[in-house]
Amino acid sequence: MLARSGVVCQIPQWRRDLVGAFTRPSELLGYLGLDPAALPTVANDAAADFPFLVPRAFAAQMRRGDPDDPLLSQVLPRREELAPCPGFGEDPVGDGAAQCAPGLLRKYPGRALLIATGACAIHCRYCFRRHYPYPRATAGRDATAAALAAIAADPSIEEVILSGGDPLLLDERRLTRLVNALEAIPHLRRLRLHTRAPVVLPNRVDGPLCRLLATTRLRPLVVIQANHAHELGEAARAALAALREAGVQLLNQSVLLRGVNDETERLIALSEALFECGVLPYYLHLLDRVRGAAHFEVDTGRAGHLLAEVRARLPGYLVPRLVREEVGRPSKTPIA
Ligand SMILES: *Cc1c(COP(=O)(O)O)cnc(C)c1O
Ligand code: SF4
């Protein structure tokens, strides 16, 4: 295809990967050799307000024929999502109140979180942003300009966190424009990306992205999200190696999820696999109490017990900080 400028305009591979993603549970179950009748709790209507989306690179890491696969459990819509559940709401972490410009969240000193896009490469059923009003929070270029102006006006902000959705679903042009605009704000020192893309859409870590991160004057950090060691297959490992070569500091955050990673051995295997990829475990979050995710919750007592077991077995740098997000606190709240 020829663009108007005459420059050859190619659709990047990761865009094509997204187009090829599974968008129906039945397709994914067929691919895994699972009979939908063997999974009576799968509910297509649960996906009505939060559609099903699973890229093939992530599906390729699932075990065929296993209805309890920990990667599959993260993405399958279940009937339980539709059951009313007291205490589980639309905005469990107070994002609405923390918004100080369109898409800009200020909760903690020194850092501002910018919702760069509402789009994700995968839809995780436990996600606390599953009901977030993205269309209102990310209203295109004007909204971004207002958010950038708010950051520029506050010299106490040293770090901007690009989040979402997934900020790496921005295309190269928009991402570069955004990073360039942030670089021009003199008081910014660090640029952090919160993204699942290196794990679930590894082709997103391409040459242009690595060059952008390698050449920015801001110190780059990428916080990935992997919840189980099986997510770190060959393609994800290559993506992480490329980011490391670009000089990016890599960290991981996980959510403690029933049936996915709520076992000592699984948490240990995850930390060890992350370290092999040059990624340090950062946070292990207790589930945010969002409507539709109650079946993933692990109670606090059990979470503390699991972490104590991990701590007794691993060096300190491989033990994630167990935290919960509480509205109105100056940081994530550590769980003793
Ligand atoms: C979690 C979060 C951060 C980042 O907190 P760190 O402890 O620095 O990782 C920043 N801003 C908002 C709004 C957050 O929710
Ligand atoms: S990638 Fe992140 S923001 Fe998107 S659905 Fe998953 S947990 Fe939520």
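Mentor: Let's begin with a term: a molecule sits in a cavity or pocket if more than half of its atoms lie within 2 Å of its grid points. Keep in mind that this model is predicted.

Trainee: Thanks! Where does ligand 2 sit?

Mentor: By that criterion, more than half of its atoms must lie within 2 Å of the grid points. The pocket space taken by ligand 1 is the largest. Ligand 2 likewise sits in the largest pocket.

Trainee: How do the residues of the shell around ligand 2 divide by class?

Mentor: The surrounding residues are Phe 50, Cys 120, Ile 122, Cys 124, Cys 127, Gly 165, Arg 196 and Gln 225. Cysteine counts as nonpolar here and glycine as polar. The shell therefore comes out as five nonpolar, two polar and one charged.

Trainee: Which residue does a cis peptide bond join to Gly 164?

Mentor: Look in the loop between strand 4 (159–163) and helix 8 (172–183), where Gly 165 is found. Gly 165 is also one of the residues around ligand 2. With omega at about 10°, the cis bond joins Gly 164 to Gly 165.

Trainee: Now for ligand 1: how much of its area does the protein bury?

Mentor: Start with the polar contacts, where an oxygen atom of ligand 1 is 2.7 Å from an N or O atom in the side chain of Arg 192. A polar side-chain atom of Tyr 282 lies 2.6 Å from an oxygen atom of the ligand, and one of Lys 332 lies 3.0 Å from an oxygen atom of the ligand. Taken alone, ligand 1 exposes 380 Å², and the share of that buried by the protein is 93%.

Trainee: Which elements give two or more residues to the shell around ligand 1?

Mentor: The residues around ligand 1 include Arg 111, Leu 113, Tyr 282 and Tyr 283. By class, that shell has six nonpolar, no polar and five charged residues. The elements giving two or more residues are strand 3 (111–115) and strand 8 (280–285).

Trainee: Which are the edge strands of the open sheet?

Mentor: The sheet has 10 strands in the order 1-2-3-4-5-6-7-8-9-10, with mixed pairing. Each edge strand pairs on one side only, and they are strand 1 (99–101) and strand 10 (333–334).

Trainee: In strand 6, what is the bridge partner of Leu 191?

Mentor: Strand 5 (residues 190–194) and strand 6 (residues 219–224) pair in the parallel sense over five bridges. In strand 6, the partner of Leu 191 is Pro 220.

Methods:
Residues numbered from 1 in each chain as written. Chains lettered and ligands numbered in written order. Predicted model: local features only at pLDDT ≥ 70, side-chain atom pairs only at ≥ 80, totals over all residues. Heavy atoms only, no water. Pairing = 2+ DSSP bridges. Helix = DSSP H or I, 4+ residues; strand = E, 2+ residues; numbered from the N terminus. Near = heavy atom within 4 Å. Polar contact = N/O pair within 3.5 Å; in protein donor to acceptor, adjacent residues only side chain to side chain. Areas by Shrake-Rupley, 256 points an atom, 1.4 Å probe, with all protein chains shown as cover. 1 Å grid on protein atoms, 1.4 Å probe; cavity = no way out; pocket = protein on both sides within 12 Å on 5 of 7 lines; lining within 4 Å.
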